[in-house]
Amino acid sequence: MLYSNLKIILNIVCYLFFIFIAFWCIVDLHLERFLRMHEPQFKALIIMLSVALGYLCASFFITLLYEIHDLFNQI
């Protein structure tokens, strides 16, 4: 029970952390110079790109952590 709760908390924290990092990186790229969009559309695009990239990175690292954990439990 405790392990599953920690797993859920780790997943949520990891997803939020990587979404924040992706948002921070995408905003720093200053894509508004290259894309001609209205400001609300551009902000929505940045948020969607941040969520997609953050989810992808977090999923990779969560899977990597669980695979390493399973590897050491089998030894």
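**Entry 1. His-30 and the loop**

I looked up His-30 first and found it partly exposed, with a relative accessible area of 35%. The model I am reading is predicted. I placed His-30 in the loop between α1 and α2. Its backbone drew my attention: phi is near 55 degrees, a positive value in a residue other than glycine. I noted the general background that most residues other than glycine have a negative phi. The positive phi of His-30 comes just after α1.

In the loop between α1 and α2 I also looked up Glu-32. Glu-32 counts as partly exposed, at 37% relative accessibility. I then took a distance across to Phe-42: the two C-alpha atoms are separated by 7.6 Å, although Glu-32 and Phe-42 are 10 residues apart along the chain. Phe-42 itself I found among the buried residues of α2.

**Entry 2. Helix α1**

I compared the length of α1, residues 2–28, with expectation. At 1.5 Å a residue its 27 residues should span 39 Å, and the end C-alpha atoms are 39 Å apart, which agrees. I listed its buried residues as Asn-11, Cys-14, Phe-18, Ala-22 and Ile-26. I then asked what these buried residues of α1 pack against. The partner is α2, residues 39–74.

**Entry 3. Helix α2**

I repeated the length check on α2. Its 36 residues should span 52 Å at 1.5 Å a residue, and I found 52 Å between the end C-alpha atoms, in agreement. The buried residues of α2 are Phe-42, Ile-46, Ser-50, Gly-54, Ala-58, Ser-59, Ile-62 and Tyr-66. I recorded that α1 is included in what covers them.

I singled out Ser-50, which is in helix α2. Is Ser-50 buried or exposed? I found Ser-50 buried, with a relative accessible area of 1%. Leaving aside neighbours within four places in sequence, I listed its contacts as Ile-19, Ala-22, Phe-23 and Ile-26. Of these, Ala-22 and Ile-26 are among the residues I had listed as buried in α1.

**Entry 4. The nonpolar core**

I searched for the largest nonpolar core and obtained five residues: Cys-14, Phe-18, Ala-58, Ile-62 and Tyr-66. Each of α1 and α2 supplies at least two residues of this core. The largest share, three residues, comes from α2. I noted for context that nonpolar side chains tend to be buried together in soluble globular proteins.

I then examined Cys-14 within this set. Not counting residues up to four places away in sequence, Cys-14 touches Ala-58 and Ile-62.

**Entry 5. Aromatic rings and a charge**

I counted the aromatic pairs and arrived at four. For Tyr-15 and Tyr-55 I obtained ring centres 5.3 Å apart and planes at 10 degrees, so the pair is stacked. Tyr-15 lies in helix α1 and Tyr-55 in helix α2, so this pair ties together parts that are 40 residues apart in sequence. Tyr-15 counts as partly exposed, at 24% relative accessibility.

For Phe-60 and Phe-61 the ring centres are 5.1 Å apart and the planes are at 75 degrees, so I entered the pair as edge-to-face. The relative accessibility of Phe-61 is 37%, and I recorded Phe-61 as partly exposed. I then followed the ring pairs outward and found that they link Phe-17, Phe-18, Phe-60 and Phe-61 into a cluster. Phe-18 is a residue I had already met in the nonpolar core.

Next I looked at Tyr-66, another member of that core. Which residue has its charged end over the ring of Tyr-66? I identified Lys-7, whose charged end sits 5.0 Å from the ring centre.

**Entry 6. The salt bridge**

How many salt bridges does a search of the whole structure find? My search returned one. Glu-39 forms a salt bridge with Lys-43, and the closest N and O atoms are 3.1 Å apart. I examined the spacing of the partners in α2: Glu-39 and Lys-43 are four residues apart there, so they are separated by about one helical turn. I closed with their accessibilities. Glu-39 counts as exposed at 55% relative accessibility, while Lys-43 is partly exposed with a relative accessible area of 48%.

How values were computed
Residues are numbered from 1 along each chain as its sequence is written. This is a predicted model: local features need pLDDT of at least 70, side-chain atom pairs count only at pLDDT 80 or more; totals for chains, interfaces and linings use all residues. Side-chain values use heavy atoms; hydrogens and water are left out. The expected span of a helix is 1.5 Å times one less than its number of residues. Buried means under 20% relative accessible area, exposed over 50%, partly exposed in between (1.4 Å probe, protein chains only). Contact means heavy atoms within 4.5 Å. A nonpolar core is a set of buried Ala, Val, Leu, Ile, Met, Phe, Trp, Tyr and Cys residues joined through side-chain atoms within 4.5 Å. Rings of Phe, Tyr and Trp (its six-membered ring) pair if their centres lie within 6.5 Å; planes under 30 degrees apart count as stacked, over 60 as edge-to-face and the rest as tilted. A charge sits over a ring if NZ of Lys or CZ of Arg is within 6 Å of the ring centre and within 35 degrees of the ring normal. A salt bridge is a side-chain nitrogen of Lys or Arg within 4 Å of a carboxyl oxygen of Asp or Glu.
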